[in-house]
Amino acid sequence: MSSPNYPELGGRRAIVTGAAAGIGRAIAAALARQSVKVAVCDIDYAAAKGAAEAIGGGAVAVAVDVRKRESVEAAFSGAETALGGCEILVANAGVSTMRAALDLTDEDWDHNFDVNARGVFLATQIAARRFKSRGRGVIVNTASLAAKVGAPLLAHYSASKFAVLGWTQALARELAPLGIRVNAVCPGFVRTSMQEREVIWEASLRGVSSDRVVRDYIAQTPLGRLEEPEDVADVVVFLCSDSARFMTGQGINVTGGVYMT
Ligand SMILES: NC(=O)c1ccc[n+]([C@@H]2O[C@H](COP(=O)([O-])OP(=O)(O)OC[C@H]3O[C@@H](n4cnc5c(N)ncnc54)[C@H](O)[C@@H]3O)[C@@H](O)[C@H]2O)c1
């Protein structure tokens with residue numbers, strides 16, 4: 001599969017959170033293929049190091065816990081020192097748990113909101129403060145299909161991802177005059193370790209087999225297969241590129257047609 005080519009991205013620097021695995025790792029690799037220097041930031045430093053080595057092209061690993069302001073500040077400083085600056089942030093780190101809404105615990109709610117909503121708030125605010133002084137920058141947040149429609153057994157996760165889209169839109173309006181674009185991608189049923197965990201949880205909660213859960217995901221997808229991390233990554237690279245120069249405040253569905261408006 002060939003990736004689109006955006007020569008203007010060559011030499012730019014990107015921070016990608018949650019980049020040790022899954023969608024974030026695919027985004028980091030796709031940016032590196034465009035000769036972007038990438039900081040692979042993750043709470044799992046050992047995995048981030050392995051990913052950065054595999055990606056190559058000057059990619060560096062940086063430890064970060066996106067829930068904590070000091071950690072995100074330190075990660076940005078470390079990444080900018082290692083890369084020589086930064087023009088692109090992909091705030092991708094996220095988590096999920098699965099439970100019926102009436103059985104949700106405070107811990108479920110806080111865990112999902114701490115990483116998915118607060119994590120995006122912290123990373124984007126810290127990036128935008130730095131981008132502001134330079135008069136340019138691009139931010140892409142990973143939201144979800146569950147940011148557009150309430151997802152059963154994922155009510156708390158959905159709420160945290162709706163928050164990401166609301167923040168993306170409002171931030172885009174405030175930062176547009178500063179030359180900073182802010183967009184989001186909304187993936188569907190993507191084959192990652194998060195999905196592997198969710199399939200097991202959902203099978204147990206619905207009392208069906210894991211195969212049945214996966215078949216149901218595919219049945220909801222007009223393009224007829226599970227989504228791959230690279231399907232998301234190629235759209236993120238486009239949003240980072242100058243080809244998306246007149247796009248801001250968007251939540252782009254990358255779902256194989258599961259959601260169409
Ligand atoms: N997989 C899907 O079907 C799907 C669909 C829509 C949206 N998403 C979103 O895409 C993003 C990536 O998901 P994925 O499927 O690749 O998940 P994943 O679990 O495979 O990878 C997530 C990465 O984030 C890291 N992470 C978790 N908590 C962190 C923290 N506090 N600080 C820093 N890093 C942290 C993990 O260590 C991991 O490397 C998430 O925001 C997720 O909500 C996933």
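These legends describe close-up views of a predicted model.

**View 1. Helices α1 and α2 cross at roughly 30°.**
Helix α1 spans residues 22-33, and helix α2 spans residues 45-55. Their axes come within 10 Å. The crossing angle makes α1 roughly parallel to α2, because angles under 35 degrees count as roughly parallel. The crossing of α1 and α2 is right-handed. From α1, the residues R25, A28, A29 and A32 take part. They meet A51, A54 and I55 of α2. By class, this contact of α1 with α2 holds 6 nonpolar residues and 1 charged residue, with no polar ones.

**View 2. Helices α3 and α4 pack at an angle of about 45°.**
Helix α3 covers residues 69-83, and helix α4 covers residues 106-134. The two axes lie 9 Å apart. The pair is therefore oblique. The handedness of the α3 and α4 crossing is right-handed. On the α3 side, the contact is made by R69, V72, E73, F76, S77 and E80. On the α4 side, F121, L122, A123, Q125, I126, A127, R129, R130 and R134 contribute. Sorted by class, the contact of α3 with α4 contains 7 nonpolar, 2 polar and 6 charged residues.

**View 3. The largest cavity holds about 40 Å³ of space.**
The model has 1 cavity of 30 Å³ or more. Lining residues of the largest cavity are I15, T17, C41, V64, V66, V72, A75, F76 and A123. Strand β1 (13-17) and helix α3 each supply at least two of them. The largest share, 3 residues, comes from α3. V72 and F76 belong to this lining, and V72 and F76 of α3 also take part in the contact with α4. A123 is likewise a lining residue, and A123 of α4 is part of the contact with α3. The lining comprises 8 nonpolar residues and 1 polar residue, with no charged residues.

**View 4. The second largest pocket encloses about 180 Å³ of space.**
Its lining includes R12, E87 and I88. R136, G137 and V138 also line this pocket. G179 and R181 are further lining residues. C240, S241, D242 and R245 complete the list. By class, the lining of the second largest pocket divides into 3 nonpolar, 3 polar and 6 charged residues. Among the charged residues of the lining are R12, E87, R136, R181, D242 and R245.

**View 5. Helices α6 and α7 pack at an angle of about 110°.**
Helix α6 runs over residues 193-206, and helix α7 over residues 210-219. Their axes are 8 Å apart. The angle makes α6 roughly perpendicular to α7, because angles of 65 to 115 degrees count as roughly perpendicular. The crossing of α6 and α7 is right-handed. Helix α6 brings Q195, E198, V199, I200, E202, A203 and R206 to the contact. Helix α7 brings S210, R212, V213, V214, D216 and Y217. The residues of the contact of α6 with α7 divide into 6 nonpolar, 2 polar and 5 charged.

Key. Residues numbered from 1 in each chain as written. Predicted model: local features only at pLDDT ≥ 70, side-chain atom pairs only at ≥ 80, totals over all residues. Heavy atoms only, no water. Axes fitted to C-alpha atoms, helices over the stretch in contact; angles between N-to-C directions. Helix = DSSP H or I, 4+ residues; strand = E, 2+ residues; numbered from the N terminus. Parallel < 35°, antiparallel > 145°, perpendicular 65-115°, else oblique. Left-handed = near helix turned anticlockwise from the far one by under 90°. Contact = heavy atoms within 4.5 Å. 1 Å grid on protein atoms, 1.4 Å probe; cavity = no way out; pocket = protein on both sides within 12 Å on 5 of 7 lines; lining within 4 Å. Points joined across faces, edges and corners; volume = space filled by probe spheres on them.
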